[in-house]
Amino acid sequence: MGNPPGGPPDFRAPVLLATYPESTVVLPDFKGWVDFKFDETVSEGSQPNFGLGNGDLERLVLLSPSKPGEVPRVEWHRSRISVRPRNGWRPNTVYRIELAPGIRDLTTNSRTNEVKLSHVITFATGGELPKRAIEGRAVDWAARRFIPHALVEAMLLPDSLVYRSVADSNGRFRLGPLPDGEMLVSVTADQNRNMVREGKEAWDTVRIAAGASRVGEVWAFLRDTVPPKVTGAASRTDSVNITLTFQQPIDPLLAIPADSIRVLLLPDTTNKLTDSVSLGPISALPRAAHDSAYRALDAAARAMAAAAAAKPDSSKPDTARVPVALANPAAIDGGKAAADTTTKDEPLQNRPPLGSELVIRTRGPTRPGSTYLIEIRGVRSANGQVGTVTARLAVPKPAPPPKAKSAADSAKSRVDSAATKPAPVRP
C-alpha cells in the first residue's frame with residue numbers, strides 16, 4: 001500500500017532546452033558559468049559534488065582543456081546544471097564542455113528516464129574558433145572487441161593541454177573542435193566511469209600529426225611497469241609442451257630461441273642441477289603463435305601414433321616415439337593465417353591475439369614423477385618490459401591401474417552374495 005502517484009507515470013527522460021553560451025562562438029572576456037537548461041528538474045544523485053571528482057554530476061561533466069586530475073566546479077540548480085573551471089577561464093583558449101549520458105529526472109530510479117546522448121558546448125575565449133576534429137575507435141586488445149564508453153583524451157603538444165570525451169556504446173568517438181598541432185590521443189577502458197585512468201584499466205596512446213583527423217583503431221591493453229613474472233608453477237600441456245602463465249600480457253610477436261631456454265631435471269631433493277640432463281627446448285612462443293605453428297605437426301604425430309597402435313608392425317620403427325622438430329613456424333600451413341571469421345562489427349586491423357601464456361616446446365618428453373627447473377631469458381611484455389623468468393614443473397606420476405581380481409576372489413564374492421540372498425517369503 002502507498003500514496004497515489006498524483007498523475008500519470010513519467011517515462012520520458014529530461015530534454016535539454018537551451019545552453020549558455022551557445023556553441024561555436026567566440027567570447028573574449030567570458031567570466032561566467034556554462035549552463036545546461038532542461039525542461040524539468042533533474043536529479044542531483046546520491047553523491048553530492050565536493051570538488052573531488054566522485055560526485056554523481058561531476059562524473060558526467062568533462063571540461064576541456066584541463067590538467068590531469070583537475071576537477072571543474074559543478075553546481076545543481078534543479079533544472080539547470082552550471083559548470084566552470086576551478087581556476088577560471090584562460091584567455092585565447094578553445095573550450096569544450098561535454099555533459100555525458102546519465103542525467104535523470106526525479107520520478108524514478110530506473111534507467112528509462114536517463115538521457116542517452118551527450119550534449120557538448122564549444123566556444124573560444126579569444127582568436128578564431130578552429131574547425132579541426134579527430135575521430136577513431138577504442139578497441140580492447142585482449143578481448144578483441146570495442147570498448148563502450150571509453151575515456152578519450154587528446155593532449156596538445158607541446159602545451160600539454162588535454163581535451164577529453166567519451167566514446168559511444170560501440171567505441172566510436174569524435175572529438176572537436178580542437179586547435180591545430182601534434183597530439184597524443186589515448187583511450188582508456190574506464191570501468192568505474194570516474195573519468196580517470198587507473199592502474200588496473202587497459203589503455204593505449206597513438207600520436208597523430210598536425211592537421212590529421214583520422215586516429216583509426218586504438219588498441220588498449222593492461223600495462224605494468226615491472227618485467228613479466230610467472231604466476232604459480234608451470235603446467236604440462238602434454239609430453240613435449242610446457243605452459244607458463246604471466247601476470248600481464250606478453251608480446252604476441254615474441255619468439256624466444258632455444259639457446260635462451262633451459263629445461264633441466266632436478267635429480268634429487270637438494271635441487272642440484274645437472275646440465276647433461278636437459279630436454280633440449282626448441283622454442284618458446286605465445287599460446288596463439290604456438291598453436292598456429294604446431295597444429296599441423298601435432299595432428300600428424302597423433303595420426304601416426306593412432307595408425308601405429310591400430311596396425312603394429314615390428315619391421316618398421318616406432319614412429320610414435322620419434323620426437324618432432326620444428327622446421328619453420330612461419331612455413332607451417334603454407335605460412336597462411338586461419339580463415340577470417342570476423343564480422344562487420346569487429347576490429348578492422350588484423351592484429352595477433354594478445355594473451356598471457358607462453359608455451360615451451362621440447363625435443364624430448366617430460367618424465368612422469370619428475371621435477372624440472374625452467375629458465376627463460378628475454379621474455380618481453382606487451383608494453384616492452386624485458387626480464388628473465390624461472391619456474392618449476394612437477395610432472396605427476398600416472399595413476400596405478402585398477403588391481404585385477406583373482407579367480408579365488410571372484411569365487412568368494414559369488415559365495416558371499418549367495419549367502420546374503422534373502423529367503424523367499426511364503427504365503
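## Starting with the rings

How many aromatic pairs does the structure hold? The answer is eight aromatic pairs. Please keep in mind as you read that this is a predicted model.

One of the pairs joins Trp89 and Phe123 in an edge-to-face arrangement, with 5.4 Å from centre to centre and 65° between the planes. Trp89 belongs to the loop between β6 and β7 (94–99), while Phe123 sits in strand β8 (residues 119–124), so this pair ties together parts that are 34 residues apart in sequence. Are these two residues buried or exposed? Trp89 has 10% relative accessibility and therefore counts as buried. Phe123, at 0% relative accessibility, counts as buried too.

Another pair is made by Trp141 and Trp219: because their planes stand at 80°, with ring centres 6.0 Å apart, the pair is edge-to-face. Here too distant parts of the chain are linked, since Trp141 lies in the loop between β9 (132–140) and β10 (145–146) and Trp219 in strand β16 (residues 214–220), 78 residues apart. Both Trp141 and Trp219 are buried.

## A cluster and two charges over rings

Trp89 and Phe123 also appear in a wider group: together with Tyr20, Phe30 and Tyr95 they form one aromatic cluster.

Which charged ends sit over the rings of Trp33 and Trp141? Over the ring of Trp33 it is the charged end of Arg84, 5.4 Å from the ring centre. Over the ring of Trp141 it is the charged end of Arg351, 4.9 Å from the centre. Trp141 thus has two partners to look at in your viewer: the ring of Trp219 and the charged end of Arg351.

## An open sheet of four strands

Now to the strands. In what order do four of them form an open sheet? The order is β1-β3-β6-β5, and the pairing is antiparallel. At the edges stand β1 (16–20) and β5 (73–77); each has a single partner strand, so one side of each is left without a neighbour in the sheet. On average, neighbouring strands of this sheet are turned by 15° against each other, with direction ignored.

The partner of β5 is strand β6 (residues 80–84), and five bridges connect the two in the antiparallel sense. Within this pairing, Val74 stands opposite Val83 in β6.

## Strand β21 and its partners

Further along the chain, strand β21 (residues 357–362) is mostly covered, with five of its six residues buried. Which strands are joined to β21? Strand β18 (residues 241–245) runs antiparallel to β21 and is joined to it by five bridges. Strand β20 (residues 281–286) is likewise antiparallel to β21, again through five bridges.

For a closer look at the register, start with Thr243, which stands opposite Val359 in β21. On the β20 side, Pro286 has Leu358 of β21 as its bridge partner.

## The chain as a whole

Stepping back, the secondary structure of the chain comes to two helices and 23 strands. Of its 427 residues, 37% count as buried. The area that the chain exposes is about 24,500 Å², and carbon and sulfur atoms supply 54% of that.

Contacts across the sequence can be put into one figure as well: among contacts in the chain with a separation of 6 or more, 65% come from residues 24 or more positions apart. The ring pairs described above give examples of links across the sequence, with Trp89 and Phe123 at 34 residues apart and Trp141 and Trp219 at 78 residues apart.

Note on methods. Residues are numbered from 1 along each chain as its sequence is written. This is a predicted model: local features need pLDDT of at least 70, side-chain atom pairs count only at pLDDT 80 or more; totals for chains, interfaces and linings use all residues. Side-chain values use heavy atoms; hydrogens and water are left out. Two strands pair if DSSP finds at least two bridges between them. Axes are lines fitted to C-alpha atoms, for helices over the stretch in contact, and angles run from 0 to 180 degrees between N-to-C directions. Buried means under 20% relative accessible area, exposed over 50%, partly exposed in between (1.4 Å probe, protein chains only). Rings of Phe, Tyr and Trp (its six-membered ring) pair if their centres lie within 6.5 Å; planes under 30 degrees apart count as stacked, over 60 as edge-to-face and the rest as tilted. A charge sits over a ring if NZ of Lys or CZ of Arg is within 6 Å of the ring centre and within 35 degrees of the ring normal. Contact means heavy atoms within 4.5 Å. Accessible areas come from the Shrake-Rupley method with a 1.4 Å probe; for residues, only the protein chains shown count as cover.
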